Amino acid sequence: MPASIIVGAQWGDEGKGKATDLLADRTDMVVRYQGGNNAGHTIVVGDEVLKLHLIPSGILYSHVVPVIAAGVVIDPKVLLEELDGLEEKGLDPFARVRISGDAHLIMPYHRELDLLIERRLGKQNLGTTRRGIGPAYADKASRVGLRVQDLFDEGIFRKKLEAVLDHTNLVLTRVYGRPAMDLEAIATEYLGYAERLSPMVTDTTALLHEALERDANVILEGAQGTMLDLDHGTYPFVTSSNPVAGGALTGAGLGPNRIDRVIGITKAYVTRVGTGPFPTELFDEVGERITDIGGEYGTTTGRRRRVGWFDAVVARYAQRVNGFTDLFLTKLDVLDAFDELKVAVAYHADGERHHHLPPHQSLLHHAEPEYVTVEGWGAPTSDITRYGDLPRPARDYIDLLEQQCGAPITWVSVGPGRAQTLERR
Ligand code: GDP
Ligand code: IMO
Ligand code: MG
């Protein structure tokens, strides 16, 4: 049985955690393929709210093997804290989670640099999560990164750390006027994590392929979203990895012919945390209400998310770069209270109408959305259990989004809980 990829279709926080948890019911393995603890994926089961940062969202099912693949960057302290937290909740993550030895480590200087770089950028800052993600991926690309497997060979670990710290300390002291970081302290801390991590570290690529050969069902769980992709997002206001479907292949180590479903997760409106262009952003009272009703505050940083109307131009672009076979529409219930809703169907920039995303960044910054206004449904949807029971204007809204996006909306989510999901076909 081939694998499914779950990808955020917007700027992150679309509800990937909820969707992955729901679909993991029928899954044997859930693989995180990129990003790190910049992600915050929420799962709600009954009264329990679980916020995951590095652990794949299949963790709640004892039959699921949660895998952290090579494309992820791991802050080992954060990982162990998350594992401990899950164990306290009665789960057995240490026995089940599998970690790639090829995954890169987030080091203390990565976190420090993330902060310093943002501060130096001043008003031009990206609004990163300050978890050291960008600097860790930068070291990986510069081929001076340390990997999980290095933790198990003290000699190699120290040698690599010494080489990179030589240069990094120059940057910290000479460019930023900060104290140099102590090799010994870092080595002691990190090598100290090895013993607890060791039983979980394995060849996750082999594990994944053996599972697929056994006809297992696999979900590749993306973090962030299409518009935050390093190559295909709103650069430079992006993250430093590839959340798009292609990133699942490189991050997990498998070929495109193994994928049979690419599921795009999209909110019924749009949110974004951090800086960067956002053509349908709302600055009025409607936006405030969506933020409040939707509880639009970051899962990782607690920051208030920017909100805006559904953007079909972004959705069409996400469809192109990911090749969604299905869409999973979330947070429809947040729109219950509105008399009318807007959907951006095109942009106007530079005297032209753009049906597709304009290729140049500056056009995006100045794009004026062309909206269609539709009737709201003004009735609660959270307790509805059958798609056909949704109010007619809600179904019309979903039909409009589907027609604009170009992929079938297979699931509609009307609340954070598992049961609050309507399967359409
Ligand atoms: P992720 O990063 O894509 O996993 O998304 P987050 O967990 O950061 O943010 C999504 C938030 O919306 C979480 O608090 C979810 O519990 C919540 N959520 C998911 N789906 C729905 C829905 O259909 N309705 C409502 N009201 N909340 C939802
Ligand atoms: P999940 O997986 C929303 C944003 C940050 C910032 C930019 C770069 O929960 O959807 P980084 O720390 O990655 O270098 O920050 O990316 N960002 C997210 N926004 N959801 C996320 O993850 C995000 N991860 C990073 O706010 O704008
Ligand atoms: Mg999130």
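## Two ligand sites and helix H11

By class, four nonpolar, nine polar and seven charged residues make up the shell around ligand 1. In this classification Ala, Val, Leu, Ile, Met, Phe, Trp, Tyr, Cys and Pro count as nonpolar, Asp, Glu, Lys and Arg as charged, and the others, Gly among them, as polar. The model is predicted: local features need pLDDT of at least 70 and side-chain atom pairs pLDDT 80 or more, whereas totals for chains, interfaces and linings use all residues. Residues are numbered from 1 along each chain as its sequence is written, chains are lettered from A and ligands numbered from 1 in the order written, and side-chain values use heavy atoms, without hydrogens and water.

Around ligand 1 there are 20 residues (a heavy atom within 4 Å), of which Lys 16, Gly 17, Thr 42, Asp 333 and Ser 413 come nearest. Helix H1 (16-24) and strand E3 (41-45) each contribute at least two residues to this shell; helices (H or I, at least four residues) and strands (E, at least two) are DSSP runs, numbered from the N terminus.

Polar contacts (pairs of N or O atoms within 3.5 Å) to an oxygen atom of each ligand include the following.

| Ligand | Protein partner | Distance |
|---|---|---|
| Ligand 1 | Glu 14, polar backbone atom | 3.1 Å |
| Ligand 1 | Gly 15, polar backbone atom | 2.8 Å |
| Ligand 1 | Lys 16, backbone N or O atom | 2.7 Å |
| Ligand 2 | Lys 16, polar side-chain atom | 2.7 Å |
| Ligand 2 | Gln 224, backbone N or O atom | 2.8 Å |
| Ligand 2 | Arg 303, polar side-chain atom | 3.0 Å |

Of the 550 Å² that ligand 2 exposes when taken alone, the protein buries 97%; for ligand 1, the protein covers 90% of 580 Å² of accessible area (Shrake-Rupley method, 1.4 Å probe).

Ligand 2 is surrounded by 20 residues, with Asp 13, Lys 16, His 41, Thr 129 and Thr 239 the closest. Its shell holds seven nonpolar, ten polar and three charged residues.

Helix H11 (residues 312-322) is mostly covered, with nine of its eleven residues buried (under 20% relative accessible area, 1.4 Å probe, protein chains only). The buried residues of H11 include Arg 316, Tyr 317, Gln 319 and Asn 322. At the start of H11, a side-chain oxygen of Asp 311 comes to within 2.9 Å of the backbone nitrogen of Val 313. Just after the helix, Gly 323 adopts a positive phi of about 65 degrees.

Terms used: A polar contact is a pair of N or O atoms within 3.5 Å; within protein, one must be able to donate a hydrogen and the other to accept it, and residues adjacent in sequence count only if both atoms are side-chain atoms. Buried means under 20% relative accessible area, exposed over 50%, partly exposed in between (1.4 Å probe, protein chains only).
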